[in-house]
Amino acid sequence: MAEDTERAQGSATIARLRRELARGTTELAVLSVLSVRRRYGYELLKVLGRAGEGVLEVKEGTLYPLLHRLEDSGHIVATWEAEGRARPRKYYVITPDGRAYLAMLRTEWGGLVDAMRQLLDTLGEVDQ
């Protein structure tokens, strides 16, 4: 019984950690995907889900407001396009300002990852 409770608490902690990490990295992830080529919203959701191996699970309620914020800030532009007889889709494309912003985000993320790696690798040595 205690083992089941412990396992459930561990799963809840991991789920909470993943949500927090996703919240802080979604903008970087979306811009990175769009830096390769244009995408429509549902396609972005699928790419992010596959690329993040389930860790970067982004919900529609998170993605679409983020896309609107990125569009309002000039980091992406959106255009409606219909291909063949299909319904029109809203495609998102990164702008030159968005590429510059993405470069800054990547630099900051890289610094954070390096600092965390150093901290985790030397943690035992710091306490001694």
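A surface patch, as used here, is made of residues with over 30% relative accessible area and no salt bridge, with nonpolar side chains joined within 5 Å. Keep that in mind for the last exercise. The model you're looking at is predicted.

**Exercise 1. Work out how the chain is built, from its elements to its sheet.**

*Solution.*

Step 1: Count the elements. The protein chain has 4 helices and 3 strands.

Step 2: Put them in sequence order. Reading along, you get α-β-α-α-β-β-α.

Step 3: Turn to the sheet. It's an open one of 3 strands, ordered β1-β3-β2, and the pairing is antiparallel. β1 (39-40) and β2 (76-81) each have a single partner strand and stand at the edges, so one side of each has no neighbour in the sheet. As background, strands of a sheet pair through backbone hydrogen bonds, either parallel or antiparallel.

Step 4: Zoom in on one pairing. β2 and β3 (residues 89-94) run antiparallel and are joined by 6 bridges. For example, Val77 has Val93 in β3 as its bridge partner.

Step 5: Add the helix that covers this pair. Helix α3 (residues 60-72) lies across β2 and β3, and its angle to β3 is about 50 degrees.

**Exercise 2. Decide whether Thr25 is buried or exposed, and find what it touches.**

*Solution.*

Step 1: Locate the residue. Thr25 sits in helix α1 (residues 2-34).

Step 2: Check the accessibility. The value for Thr25 is 9%, and the cut-off for buried is under 20%. Thr25 therefore counts as buried.

Step 3: Look for company from elsewhere in the chain. Once you leave aside neighbours within four places in sequence, Thr25 is in contact with Leu56 and Trp109.

Step 4: Set this against the whole chain. Of its 128 residues, 26% count as buried. For contacts between residues at least 6 apart in sequence, 50% join residues at least 24 apart.

**Exercise 3. Explore helix α2 and say which of its residues are buried.**

*Solution.*

Step 1: List them. In α2 (residues 41-51), the buried residues include Gly41, Glu43, Leu44, Leu45, Val47 and Leu48.

Step 2: Pick out Glu43. Its relative accessible area is 14%, so Glu43 is buried.

Step 3: Find what Glu43 meets. Apart from neighbours within four places in sequence, Glu43 is in contact with Arg37 and Arg38.

Step 4: Step past the end of the helix. Just after α2, Glu53 takes a positive phi of about 50 degrees.

**Exercise 4. Trace the salt bridges of Arg38 and find which parts of the chain they link.**

*Solution.*

Step 1: Start with the total. The whole structure holds 6 salt bridges.

Step 2: Take the partner Glu81. Arg38 forms a salt bridge with Glu81, with the closest N and O atoms 2.6 Å apart. This pair links distant parts of the chain: Arg38 is in the loop between α1 and β1, Glu81 is in strand β2, and they're 43 residues apart.

Step 3: Take the partner Glu83. Here the closest N and O atoms of the salt bridge between Arg38 and Glu83 are 3.2 Å apart. Glu83 is in the loop between β2 and β3, and this pair is 45 residues apart.

Step 4: Check how open these residues are. Arg38 counts as partly exposed at 28%, Glu81 counts as partly exposed at 29%, and Glu83 counts as partly exposed at 44%.

**Exercise 5. Survey helix α4 and the nonpolar patch, then say which residues make the patch.**

*Solution.*

Step 1: Begin with a salt bridge inside the helix. Asp114 and Arg117 both lie in helix α4, 3 residues apart, about one turn of the helix. Their closest N and O atoms are 3.6 Å apart. Asp114 is partly exposed at 47%, and Arg117 is partly exposed at 47% as well.

Step 2: Name the patch members. Trp109, Leu112, Met116, Leu119, Leu120 and Leu123 make a nonpolar surface patch of about 560 Å².

Step 3: Test one member against the definition. Leu119 lies in helix α4 (residues 96-127). Its relative accessible area is 41%, so Leu119 is partly exposed; patch residues need over 30%.

Step 4: Compare with the overall surface. The protein chain exposes about 9,100 Å², and carbon and sulfur atoms supply 55% of it.

Notes. Residues are numbered from 1 along each chain as its sequence is written. This is a predicted model: local features need pLDDT of at least 70, side-chain atom pairs count only at pLDDT 80 or more; totals for chains, interfaces and linings use all residues. Side-chain values use heavy atoms; hydrogens and water are left out. Helices (H or I, at least four residues) and strands (E, at least two) are DSSP runs, numbered from the N terminus. Buried means under 20% relative accessible area, exposed over 50%, partly exposed in between (1.4 Å probe, protein chains only). Contact means heavy atoms within 4.5 Å. Accessible areas come from the Shrake-Rupley method with a 1.4 Å probe; for residues, only the protein chains shown count as cover. Two strands pair if DSSP finds at least two bridges between them. Axes are lines fitted to C-alpha atoms, for helices over the stretch in contact, and angles run from 0 to 180 degrees between N-to-C directions. Patches are made of residues with over 30% relative accessible area and no salt bridge: like charges are joined within 9 Å, nonpolar side chains (Val, Leu, Ile, Met, Phe, Trp, Tyr) within 5 Å. A salt bridge is a side-chain nitrogen of Lys or Arg within 4 Å of a carboxyl oxygen of Asp or Glu.
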